[in-house]
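Dear colleague,

I am passing on the structure we spoke of, with my notes on it set out underneath. Please read them with the model open beside you.

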Amino acid sequence: MYEAQCAVVGTVITNPIKRQTASGDEVLNFRMASNVRRQDRATGEWSDGGTLYLGVTCWRRLVKGVGGSLMKGDPVVAYGQLRTNEYTTRDGAERSDLEMTASAVGPDLARCIVKVERARPVAVPQEEPDETHDEGVDTFDEREDVDVDEDSIPETIEHAAAV
């Protein structure tokens, strides 16, 4: 079966559920929806288009990050292999679902602001820094505060957990 790699931008519509397989691997599943909204330039009115629903499955390192960061209602971008799952219901009706095995998942930063918390490695003794290494380099910590128009910020996700 051909499995396409693609990115889907949408909203998490179910809380992620983590489970363990018989072999001991952790897996996390959630559903997301992607909506189309278009503005009629002549009238300025918005109209809703169709909605794409899909199930997203996360394995390995994604389980901890997604499980500790995302929940129902969050704007999300998911990237991975897409495939359809065709089946027959108990009533005999033919159905198909769209499923993604994710290789990357993250918040949609066009619709939210997040605070990133990185896992810190175990402290390792460091060499003395080279005096000329950082000379003239403007790092984020050295910059002055930047003014942000807070009215233009849609919402903030504050339930991010350390990964």
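In this predicted model, Glu 99 and Arg 83 form a salt bridge in which the closest N and O atoms are 3.4 Å apart. The pair joins distant parts of the chain, since Glu 99 sits in strand 6 and Arg 83 in strand 5, 16 residues apart. Glu 99 counts as partly exposed because its relative accessibility is 23%, and Arg 83 is likewise partly exposed, with a relative accessible area of 27%.

A search of the whole structure gives four salt bridges, and two others among them may be useful to you. Asp 48 pairs with Arg 37, the closest N and O atoms being 2.6 Å apart, and this pair also links distant parts of the chain, with Asp 48 in strand 4 and Arg 37 in strand 3, 11 residues apart. Asp 48 has a relative accessibility of 60% and therefore counts as exposed. Asp 108 forms a salt bridge with Arg 111, where the closest N and O atoms are 2.9 Å apart; here Asp 108 is buried, at 10% relative accessibility, whereas Arg 111 is partly exposed, at 30%.

Turning to the interior, the largest nonpolar core has 17 residues, and those with the most contacts inside it are Phe 30, Met 32, Leu 54, Val 56, Cys 58 and Val 66. Strands 1, 3, 4, 5 and 6, together with helix 1, each give two or more residues to this core. Leaving out residues up to four places away in sequence, Leu 54 touches Val 8, Phe 30, Arg 31, Met 32, Leu 82, Leu 98 and Met 100.

Helix 1 covers residues 61–69, and Leu 62, Val 63, Gly 65 and Val 66 are buried in it. The buried residues of this helix pack against strand 2 (17–20), strand 3 (26–39), strand 4 (46–59) and strand 6 (94–107).

Thr 57 belongs to strand 4 and, at 18% relative accessibility, it counts as buried because the cut-off for that class is under 20%. Apart from its neighbours within four places in sequence, Thr 57 is in contact with Val 27, Leu 28, Asn 29, Met 100, Thr 101 and Ala 102.

Finally, as to the cysteines, Cys 58 is buried at 0% relative accessibility and Cys 112 is buried at 2%, while a search of the whole structure finds zero disulfides.

With best wishes

Definitions and conventions. Residues numbered from 1 in each chain as written. Predicted model: local features only at pLDDT ≥ 70, side-chain atom pairs only at ≥ 80, totals over all residues. Heavy atoms only, no water. Buried < 20%, exposed > 50% of the residue type's maximum accessible area, 1.4 Å probe, protein only. Helix = DSSP H or I, 4+ residues; strand = E, 2+ residues; numbered from the N terminus. Contact = heavy atoms within 4.5 Å. Disulfide = S-S within 2.5 Å. Core = buried A, V, L, I, M, F, W, Y, C linked by side-chain atoms within 4.5 Å. Salt bridge = Lys/Arg side-chain N within 4 Å of Asp/Glu carboxyl O.
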